[in-house]
Each structure stands twice: as C-alpha cells, then as structure tokens.
Amino acid sequence: MAFLDDNFMLKTTVAQRLYHEYAADQPIVDYHCHLSPKEIYDNQQPANLTRLWLSEGTVGDHYKWRIMRANGVPERLITGDGDDYDKFVAWAGTLERAIGNPLFEWSHLELRRYFGIHEVLNRQSAPQIWARANELLADPAFTPRELIKRTNVAVVVTTDDPADDLYYHQLLADEEDAFRVLPGMRPDAAMAIEQLDFALYMEKLAAVSGIAIDSFASLVTALDQRFEAFHALGGRISDYGLNTYHYAAATPAEIEDIFAKGLANEPLTELEIAQYTTAFLQVAMRQNKAHGWAMQYHINAVRAANKPQFDELGPNVGGDSVGTQADMPDQMRLLFEESQRQGILPKSVVYSLNDKDWLELVTLLGSFQEGPTQKMQFGAAWWFNDTHDGMVKQLKLLSSQGLLANFVGMLTDSRSFLSYPRHEYFRRILCDVIGDWVANGQVPDDMAYLGQIVTEIAGQNAHDYFDINTLY
C-alpha cells in the first residue's frame, strides 16, 4: 500500500467501503478543542506556514514542540525568537525521524488535505514545500474560518473559563452561520483553591458575573449565572481537569471555612483541598444536570512535569506526562456513588491519560448507566493515547464492555486550525476495526447496518448526546 493512499489503514474491502461511503463525508462535531474564539472571529491571514502550523507567539502545537526537543532542536527554534523559516526546517528534520509517531501521518495528511502537497517533508524537500505552502497561504481560503469550513466542521466547542465574558462567542453567534462556535466551560481556576492567585481569580469571576464572592455559597451563585450565560450561547459541556483526585466529604460549614482560608491565601491541608474539590464537583454536577449539560473529566495527567521548563516557558509547551495515581478510578467511584445517591449525577465523559485505568474506568462507568442513551461515556483515547494503537485499544475496550454504537466519537483537543485530519485518522481506524470483525465472522457483513453505526459515531451521536442538535 502506498504511503497515505486512499485506503491507508483500511485493510479490508468492508473497511474501505465503510470509510469512503459512510464516514469520510460526515460533518465534524469537534466537541472539545482549544482553538481561540478571538482568532476564529478575527479571521486573520496567517503570516507563513510556521505561524499556522507550529507556533504563533507563545501559543503553538506542543505535540510538535515535544518531539523537536527529542531531536536536539534548540529552544530558540521551538518556542523562542528564532527565524520562522529556520523553525520550519528544524521541524522538517524532526519529522523525517518520526516514523511510527502519529505526527508523521497527521502532518503529511495536513499537507495533502489543505495544500495539495503530496511530497514527503524532510530537510531536502523543506525549501520547496515552504515556498509552495506560503504562496497558497496568501489565498483567503487559508483564514481560520475558511479552514474550518473546508474541513466540513459543523460545530467547534472551545475551552472557556467561566470568568470569560464570551464576547467573541456572541459576535460569532451573530455573524457566522456556516458553522457554530460554542463555549465549553472549564472552571479549573475556580476549583484550584490552593493556588496563590485564587483570591484574584475570584475578583475576576465576581466582576463578570455581577455577584460579590465572599463565601462558597456566593461562588455557587456566581457559577449559576455563568452557566446561564454559557447556555444562552449554546454551551452544553463543561470540563474538569483532575490531574489527581481524592474523594473527601465535608459539611457546609467546613467548606465555608476552607473557602475563607483560600480567599485569605492561608495554607491548606491536603484533606482540605480534597474536601473543597469534592464539594466543588458536586455543585458542578448539580448545575450540569439542571441544565442538561455533560461533564467531561480529564484525569491522571502530570502537568508541567519539567518544573524548570515550566518556570522558564510556562504551561502547555510539551513538558507534561502520564499520571500514576493508581486509585483514581476508585476515587471517581466514590464521587459518582454519592452523587447518584443525591440524584445529581449528570451525563459524564471520562478520559484518563493513563491507559492502566481504562478497563477499571469503562466497567465503572457501566455500573452507573441509566437514561439517556449511554449516559456515562468512556472518552476517546486522549493526548498521549491518540495514536493508532491507543485508538484501537479504546474502541475495543468500549465495544467489549459497553455499546460502541452509542459512542460520542472523536475530538481534536487541539490549538491548531490544521488539526481536523485527526478526525479522518480516527474514522479510518474505526472502519478498519469493524472491517476486521467482519473478516473474522464476528459481525454480519451488512453494509447498511454497519454504515449507520459508523455514521452515528462520526458525528450524529455527539450532536444528540451533547444536545447540540436542538440549536439548529
């Protein structure tokens, strides 16, 4: 099979038909990403391929930055002030060493799908590819909105702090009708009571909500207001980063005391932090369920594992790793159990960065299923797991312990406007897995039946599960 030909990763005739006839042309529902609503609204022409593909200021593709360091590229050509062309050549030299890494396939897919460039990128081809791509980038077809449209994206859900005023979301809602950009609430800063800037953050949240925050009860009122504001602009999803988590119950009076200490920047014990986090999550569960939203949990990650690098460069630069809290699924069980008892357990999607958690998680989620369809979702292979092998493992675990046909499918989790071929990558893997089952005689060779399942996983399930379809 030729490199990235029409049937790459599609080993069987069934897989090929499923992909080309059912999956390929489905609209993309990207229900979790880190694109900037402001950048989408401003719709500025990219300066060159490096700015579009690798970095724009301090924001960029940390997947690429990480392996550039592994190839000995100096930091000035990664996040630093090096020349943009030199950065591109450094990336080309890295990519030619990256066979087996999904970035090798993704990057070449992006060159093909957006630029029509089929050459393999390496140091030798870099000058010609740089010139051809930059010539194309002068075309209005390469502005952020046009890139989204060209990839058949119907819905983009961004990651937004509750203290965000959603100004650009409102502008996009008023002006853009080719696709929808919806806010996704990520209240990690409101949950991070141990941080030194917690009180300053509460002032910011108070200002945007119009609620003076001097107690945990008033924080809940402010968050209620933000849920309403997000909901009015189509928000249906909230997201919680639980790098580590320990369930710990507390009385309302204890939570008020802990909150007061946080506002005063007083030291907190590990138990107090756990009690506050648990109380915060239970409030969030109640709010999500009341609004019909889904909660996403991203668990067991080590953020900024390289502390000196974090101190120098900041977060999200490629210095993260997999978490190792072995009892994380059991701590989630305690949270779900108590929330079920209180009747506040909402639709939930759980992703773990540590695949050792996966079987425990998928069976845990199966223990809390109730209406609506597959209420508790085992999330797509995330971050270090969104490789070919990781996606196959996630799909097979989900199908063996749940209902694959009800899966909400793939997301980009990306900061790049060129990342949408990742949905193609996932869809090909999905079709290939099902094709193998047909070849093994495990499922019927019924193209209409299997094609409907593929179509739903490609986008319709996410539309329905996240209640996005009610907006059209």
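Cys33 sits out of sight in this predicted model, buried with a relative accessible area of 0%. Cys431 is in the same position on that score, since it too is buried at a relative accessible area of 0%. As for sulfur bridges, a search through the whole structure turns up zero disulfides. For background, a disulfide is a covalent bond that joins the sulfur atoms of two cysteines.

Next to Cys33 in numbering comes His32, which lies in the loop between β1 (28–30) and α2 (37–42). His32 counts as buried, with a relative accessibility of 3%. What does His32 touch, once its neighbours within four places in sequence are left aside? The contacts of His32 are Val157, Thr159, Arg186, Asp239, Gln296, His298, Leu411, Thr412 and Asp413.

Asp413, one of those partners of His32, deserves a look of its own. Asp413 belongs to the loop between α18 and α19 and counts as buried at 10% relative accessibility. The backbone of Asp413 has a phi near 55 degrees, a positive value in a residue other than glycine. Leu4 shows a positive phi as well, about 55 degrees, although Leu4 is not a glycine either. Leu4 is placed in the segment before α1, and with 7% relative accessibility it counts as buried.

That leads on to helix α1 itself (residues 13–23), where the buried residues are Val14, Ala15, Leu18, Tyr19 and Ala23. These residues cover an arc of only 130 degrees around the axis, so they end up on the same side of α1. The spacing makes sense in general terms: an α-helix has 3.6 residues a turn, so residues three or four places apart point the same way. And what do the buried residues of α1 pack against? Their partners are α19 (421–439) and α20 (447–465).

Helix α7 (residues 126–136) can be read along similar lines. Its buried residues include Ala126, Ile129, Trp130 and Ala133. Looking down the axis of α7, the buried residues fall within an arc of 100 degrees, so they line one face of the helix. Those residues of α7 pack against α3 (49–53), α5 and α6 (102–115).

Helix α5 (residues 84–95) also packs with helix α4 (residues 62–70), the two axes being 9 Å apart and set at an angle of about 75 degrees. The pair α4 and α5 is therefore roughly perpendicular. Which residues make the meeting between α4 and α5? From α4 come Lys64, Ile67 and Met68, while α5 brings Lys87, Ala90, Trp91 and Thr94. Sorted by class, this contact of α4 with α5 has four nonpolar residues, two charged ones and one polar one.

Finally, there is Ser399, which is part of helix α18 (residues 388–401). Is Ser399 buried, exposed or partly exposed? With a relative accessible area of 23%, Ser399 is partly exposed. Setting aside residues up to four places away in sequence, Ser399 touches Leu404 and Trp437. Ser399 can also be compared with Val362: the two are 37 residues apart in sequence, and their C-alpha atoms are 9.9 Å apart in space.

How values were computed. Residues are numbered from 1 along each chain as its sequence is written. This is a predicted model: local features need pLDDT of at least 70, side-chain atom pairs count only at pLDDT 80 or more; totals for chains, interfaces and linings use all residues. Side-chain values use heavy atoms; hydrogens and water are left out. A disulfide is a pair of cysteine sulfur atoms within 2.5 Å. Buried means under 20% relative accessible area, exposed over 50%, partly exposed in between (1.4 Å probe, protein chains only). Axes are lines fitted to C-alpha atoms, for helices over the stretch in contact, and angles run from 0 to 180 degrees between N-to-C directions. Helices (H or I, at least four residues) and strands (E, at least two) are DSSP runs, numbered from the N terminus. Angles under 35 degrees count as roughly parallel, over 145 as roughly antiparallel, 65 to 115 as roughly perpendicular and the rest as oblique. Contact means heavy atoms within 4.5 Å. Ala, Val, Leu, Ile, Met, Phe, Trp, Tyr, Cys and Pro count as nonpolar, Asp, Glu, Lys and Arg as charged, and the others, Gly among them, as polar. The arc is that of the directions from the helix axis to the C-beta atoms.
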